[in-house]
Amino acid sequence: MDTHREDNNSDPARDALLDEERTLYDEPSTHLASVEEKKRLWWKNAVINTFFISCWFTFATILSLYNKWMFAPEHLGFPFPLFVTTIHMFIQFLLAALLRLIWPRKFKPEHNPTRQAYAKKALPAAISTSLDIGFSNLSLKIITLSFYTMCKSSSLIFVLSFAFLFRLEKFSWRLIGVIFLIFSGVLLMVATETHFVLPGFILVLSASALSGFRWSLTQILLKDKKMGLDNPAATVYWLSPAMGVTLAIISVFVDGWITVARSPFFNGLPKTLETLFYLICPGFLAFSMVMSEFYIIQRTGVVPMSIAGIAKEVTTISIAAWYFHDELTPLNITGVGITICGIALFTYHKYRKSIDSTVPLDAHGNPIVVDDEDDRRDLRSYGIELEETMRLTEQNQADYDERATLLFSAGGDDDAEELHSIRSSKVMWDSETPHNVTSEEWRNEAEDSEEEGSDSSEPRS
């Protein structure tokens, strides 16, 4: 009998059938990320996000230096910033169209926004962006740069408020505390003797509110696959014409295009060509900067993008103090330190949020993200359901292995047929069997089946 059992246990056909059955209970392709997987994902995303932030920082810094040279009276002295920005918007539209033409699979989504969706979602984002730029440039003509920076730092609060309003960020008192810490640090960082001008203050405060509003709308657009604005090139392609037209209207009244045309910068063909060269070149930098911004917003959200902007200001002030020997008061240095601490706390807050959250992963280890607003579900609830499903699957496999072991221990030539009955039992378990049936009950059922079989059949040799 022992020899017979050994032969049965080594039966290739039965072993193959057993392996086939066990594959049905393999670990599911969709699973919850472990702590180590979450840490690995966080660091992977941190490296990619740092790359885009570095690109944005580089392009923004070069563009700022270029604009300072272009608008400063002691250098080129071109006094029409809104006119320049208007031209840059249309250059961005042409470059985005070129990307869509050359690499359609990468930069041209399958869908295009309908007129109703464009007017409802895209147009407000474009107009608010143009007004933000216009109000900011207008305010710089009547207030100092330090007072402008102090007022503009309030955009952090507006960004956070709109992020809560549009449910782009989950409400957290810890996050609110970190934002106000950074805000207070920025105020101290640029605190100098400033001359308060009410019209300038209203313009900057309006620009800050519009900044928070338009970044939140941009993030919503970048996540809307049905509109076809779910990649930065598509977003630039559809938004830049509306932004250019809005800025052009503002520029006509503020700069006065007749005044621009009669200026010495367009006096004669050689001078006109030289001026156009200086106007068009920074458009490529602006396009690269905006693309980097949109990638950051798409990957991280509006609040991290705003924090990155504050980090840029801190870096610029620190470099200026070190390289250009700009004098910083103890109050300014304290503000820089507080701001750095706030940015570090925000980074830790995002890290803890990532580690503590429930992250479902697909078969390739990539996080499952629901981008569509209509189909969005709470990932935590989904994770709980998935965790329960995995627990029941593991319990089913344990019960299956126990029953298969009991059946094989009895030996016999009908093991394959009985194993086929396990397949049926497994299907019934998945579809009909209540989850409160325990493995002990299954084992008792298997033992009862064996006793009944032994009573109705002859003893096996």
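Start by selecting Arg 100 and Tyr 237: the charged end of Arg 100 sits over the ring of Tyr 237, 4.2 Å from the ring's centre. Keep in mind as you click around that this is a predicted model.

For a second view of that kind, pick Arg 214 and Trp 215. Here the charged end of Arg 214 sits over the Trp 215 ring, 4.0 Å from its centre.

**Along α11**

Now colour helix α11, residues 232-254. Begin at its start, where a side-chain oxygen of Asn 231 comes to within 3.0 Å of the backbone nitrogen of Ala 233. Slide along to Leu 239 and look down the axis: the helix bends there by about 35°. Pro 241 follows within four residues of that bend. Carry on past the end of the helix to Gly 256, just after α11, and check its backbone: phi is positive, about 75°.

**Aromatic rings**

Next, show the rings of Phe, Tyr and Trp. How many aromatic pairs does the count come to? It comes to 19. Zoom in on Trp 69 and Tyr 278, an edge-to-face pair with 5.3 Å centre to centre and 70° between the planes. Trp 69 belongs to helix α3 (residues 35-71) and Tyr 278 to helix α13 (residues 269-300), so this pair ties together parts that lie 209 residues apart in sequence. Is Trp 69 buried or partly exposed? With a relative accessible area of 31%, Trp 69 is partly exposed.

Stay here and add Tyr 66 and Phe 277 to the selection. Ring pairs link Tyr 66, Trp 69, Phe 277 and Tyr 278 into a cluster.

Then hop to Trp 103 and Phe 107. Their rings also form an edge-to-face pair, at 6.3 Å centre to centre and with 65° between the planes. Switch on the surface and the two partners part ways: Trp 103 is partly exposed, at 47% relative accessible area, whereas Phe 107 is buried, at 11%.

**α9 and the loops on either side**

Select Glu 169, in the loop between α8 (155-165) and α9. Glu 169 counts as buried, since its relative accessibility is 9% and the cut-off for buried is under 20%. Which side chains does this residue meet in polar contacts? Glu 169 has one of 3.5 Å with Lys 350 and another of 3.5 Å with Lys 353. Widen the selection around Glu 169 and, leaving aside neighbours within four places in sequence, you will find contacts that include Ala 163, Phe 164, Leu 175, Val 303 and Pro 304.

Move on to Ser 172, at the start of α9: a side-chain oxygen of Ser 172 reaches to within 3.3 Å of the backbone nitrogen of Arg 174. Put a distance label on the two end C-alpha atoms of α9 and it should read 24 Å, which agrees with the 24 Å expected for 17 residues at 1.5 Å a residue. To see the buried residues of α9, show side chains for a few of them, among them Leu 175, Ile 179, Ile 182, Phe 183 and Val 186.

Last stop: Val 197, in the loop between α9 (173-189) and α10 (198-222). Val 197 is buried, with a relative accessible area of 18%. What is it in contact with, once neighbours within four places in sequence are left aside? Select Ile 142, Ile 143 and Phe 147 to see those partners of Val 197. For a final label, join the C-alpha atoms of Val 197 and Ile 143: they are separated by 6.6 Å, though the residues are 54 apart along the chain.

Methods
Residues numbered from 1 in each chain as written. Predicted model: local features only at pLDDT ≥ 70, side-chain atom pairs only at ≥ 80, totals over all residues. Heavy atoms only, no water. Bend = angle between axes of the 7 residues up to and from the residue. Polar contact = N/O pair within 3.5 Å; in protein donor to acceptor, adjacent residues only side chain to side chain. Phe/Tyr/Trp six-rings, centres within 6.5 Å; stacked < 30°, edge-to-face > 60°. Buried < 20%, exposed > 50% of the residue type's maximum accessible area, 1.4 Å probe, protein only. Lys NZ or Arg CZ within 6 Å of the ring centre and 35° of its normal. Contact = heavy atoms within 4.5 Å. Expected span 1.5 Å × (residues − 1).
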